[in-house]
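Here is a walk through one protein chain, from a helix to the way its parts fit together. Keep the structure open as you read.

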Amino acid sequence: MTTNPEIRPEAARAPTSGIVDVMSYARGRPGLIPLFVGEGDLPTPPFIMEAAHRALLAGETFYTYQRGIPELRAAIAAYLGRLYRTDVDPERIYVTVGGMHAAQIAIRIVAGTGDEVLIPTPSWPNFDGAVTVTGATPVSVPMQAGPDGWHLDLDRLASLVTPRTRAMVINSPANPTGWTAGREDLVAMLDLARRHGIWIIADEIYGRFTHDGPEGGLAPSFRDVMAEDDRIMFVQTFSKNWAMTGWRIGWLEAPVRLGPVIENLVQYSTSGVTSFIQRAAVTAIEEGEPFVEGQIARARQGRAIVCDGLRATNVVDLPAPPGAFYAFFRVEGRTDTTRLARDLIDTAQVGLAPGTAFGGGGEAHLRLCFLRDPVQLAEAVARLGRVLPGLAGAAPA
Ligand code: PMP
């Protein structure tokens, strides 16, 4: 990379999103079914929009609390308490501009120039990007794809800890692989973190999208195995459960002792989250349970359609993902997924994300988001079924 004296090297090193690349390639194609992005197809339910509207009309247009409005922090704490059958202190909750902002603050608190942050990969690329822009070094912990799904080798994780390691980012259930840590894995990771005094940045935003257990189940959580003052920060968001990706609201949960520093980092980044959006988020939490349950059911149904349909092509390698809402699959004989994703846009009019966007170990895969209308998903899978056998094994040009 050539250096540019005008800008800091860590800003210059920020990677370009490989998902945006294929989206740009696909832009303006009529009839394309877009499955490349990590969001569902349903708009935010009207009762949440109405709450934002009401708050605006009531004059909620002023600067607000840096940590989030007390009503929302209390509602989030109560929600987590109900879900995980535990007590959550609202003082642990900090409202942020989406999960991305929560992740960025968490990383900024613990890592900077010269530090290392462990990230199991393939992973959501923004962790790597957010670590890079702080000046720290993201260290990939490659996961293995086996016949029964993805696997994180905990010895490998432990072997990559160095005196410079400040944190590990554990996203479970994971985007894009669906990998879901078992309780034993969580205990082992926490033990490793405690022994070395490193932070865990736990991204459990897909914790309710778990597909193999009974309906209403939850993925195992660090919450189940931790003590309140452990060095764990949780990244969370309203984006997925409540279909609010465009609103940009989420939260960071962190030990109470970090309150003043988080408040300052909010002040010097966004100076707080839009006041009327926070009001709508209270309504989302308090009245949105049936909608969230519908989202989870939609994802389960989507998973079945996609897994059955793609496997029937006989050229796809796809263990059913236990969590989240992505199929991450290989097409026989193809490793050039940037090219393959473009071929699928041209020949099937289906938009998928190339595995090259997700870092070490996922390059030969494609990611498909299945939180969508089942009829549309069935159509996408039928289109893919018509072209994939012809594209499998094609020699890269
Ligand atoms: N974590 C993971 C694993 C994600 O996949 C995403 C969104 N794709 C986020 C966090 C953040 O979402 P948002 O910024 O929309 O809240």
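Start with helix H5, residues 98-110, in this predicted model. Helix H5 has 13 residues. From its first C-alpha to its last, helix H5 reaches 19 Å, close to the 18 Å expected at 1.5 Å a residue. Several of its residues are buried, including Gly98, Gly99, His101, Ala102 and Ala103. Further along H5, Ile105, Ala106, Ile107 and Val110 are buried too.

Now move to H4, residues 70-84. H4 has 15 residues and a reach of 21 Å between its end C-alphas, close to the expected 21 Å. Its buried residues are Leu72, Arg73, Ala75, Ile76, Ala77, Tyr79, Leu80, Gly81 and Tyr84. What covers them? The cover includes S2, S10, helix H10 (275-287) and helix H11 (289-311). One buried residue of H4, Arg73, also lies over the face of Tyr94, 5.6 Å from the ring centre.

What follows H4? The next residue is Arg85, with a positive phi near 50°. Arg85 is not a glycine. It sits in the loop between helix H4 and strand S2 (93-96). Its relative accessibility is 78%, so Arg85 counts as exposed.

Gln349 also has a positive phi, about 55°, although it is not a glycine. Look for Gln349 in the loop between helix H12 (337-348) and strand S13 (350-351). Gln349 is partly exposed, because its relative accessible area is 31%.

Next, step back to the domains. The domain assignment gives domain 1 (9-44 + 290-387) and domain 2 (46-287). Their C-alpha centres lie 24 Å apart. Across the boundary, 35 residues of domain 1 are in contact with 43 residues of domain 2.

The largest nonpolar core has 127 residues. Phe222, Phe238, Ile249, Phe329 and Leu368 touch the most other members. Where does this core lie? Both domains give residues to it, so it lies between them. In soluble globular proteins, nonpolar side chains tend to be buried together.

Take Phe238 from that list. Beyond its neighbours within four places in sequence, Phe238 is in contact with Leu72 and Ile76, two of the buried residues of H4. Its other such contacts are Ala243, Met244, Ile249, Gly250, Trp251, Ala281, Ala284 and Ile285.

The contact with Trp251 deserves a closer look. The structure holds 10 aromatic pairs. In the pair of Phe238 and Trp251, the ring centres are 5.3 Å apart and the planes meet at 65°, so the pair is edge-to-face. The cut-off for that label is an angle over 60 degrees. This pair links distant parts of the chain, 13 residues apart. Phe238 is in the loop between strand S9 (232-237) and strand S10 (250-253), while Trp251 is in strand S10. Both residues are buried. They also belong to one aromatic cluster with Tyr79 and Trp242.

Compare this with Phe325 and Tyr326. Their aromatic pair is tilted, with 5.1 Å between centres and 45° between planes. Phe325 and Tyr326 are both buried.

Another ring has a charged residue over it. Arg223 lies over the face of Phe234, at 4.6 Å from the ring centre.

Is His365 buried or exposed? Its relative accessibility is 6%, so His365 counts as buried. His365 is found in strand S15 (residues 365-369). Setting aside neighbours within four places in sequence, its contacts are Ala145, Trp150, Phe328, Phe329, Arg330, Thr337, Ala353, Pro354 and Gly355. Among them is Phe329, already met as a member of the largest nonpolar core.

Finally, check two peptide bonds. The bond from Thr121 to Pro122 is cis, with omega near 5°. Pro122 lies in the loop between strand S3 (116-121) and helix H6 (125-134). The bond joining Ser172 and Pro173 is also cis, and its omega is about -10°. Pro173 is in the loop between strand S7 (165-171) and helix H8 (183-196).

How values were computed:
Residues are numbered from 1 along each chain as its sequence is written. This is a predicted model: local features need pLDDT of at least 70, side-chain atom pairs count only at pLDDT 80 or more; totals for chains, interfaces and linings use all residues. Side-chain values use heavy atoms; hydrogens and water are left out. A nonpolar core is a set of buried Ala, Val, Leu, Ile, Met, Phe, Trp, Tyr and Cys residues joined through side-chain atoms within 4.5 Å. Buried means under 20% relative accessible area, exposed over 50%, partly exposed in between (1.4 Å probe, protein chains only). Domain bounds come from an automatic or database domain assignment. Contact means heavy atoms within 4.5 Å. Helices (H or I, at least four residues) and strands (E, at least two) are DSSP runs, numbered from the N terminus. The expected span of a helix is 1.5 Å times one less than its number of residues. Rings of Phe, Tyr and Trp (its six-membered ring) pair if their centres lie within 6.5 Å; planes under 30 degrees apart count as stacked, over 60 as edge-to-face and the rest as tilted. A charge sits over a ring if NZ of Lys or CZ of Arg is within 6 Å of the ring centre and within 35 degrees of the ring normal.
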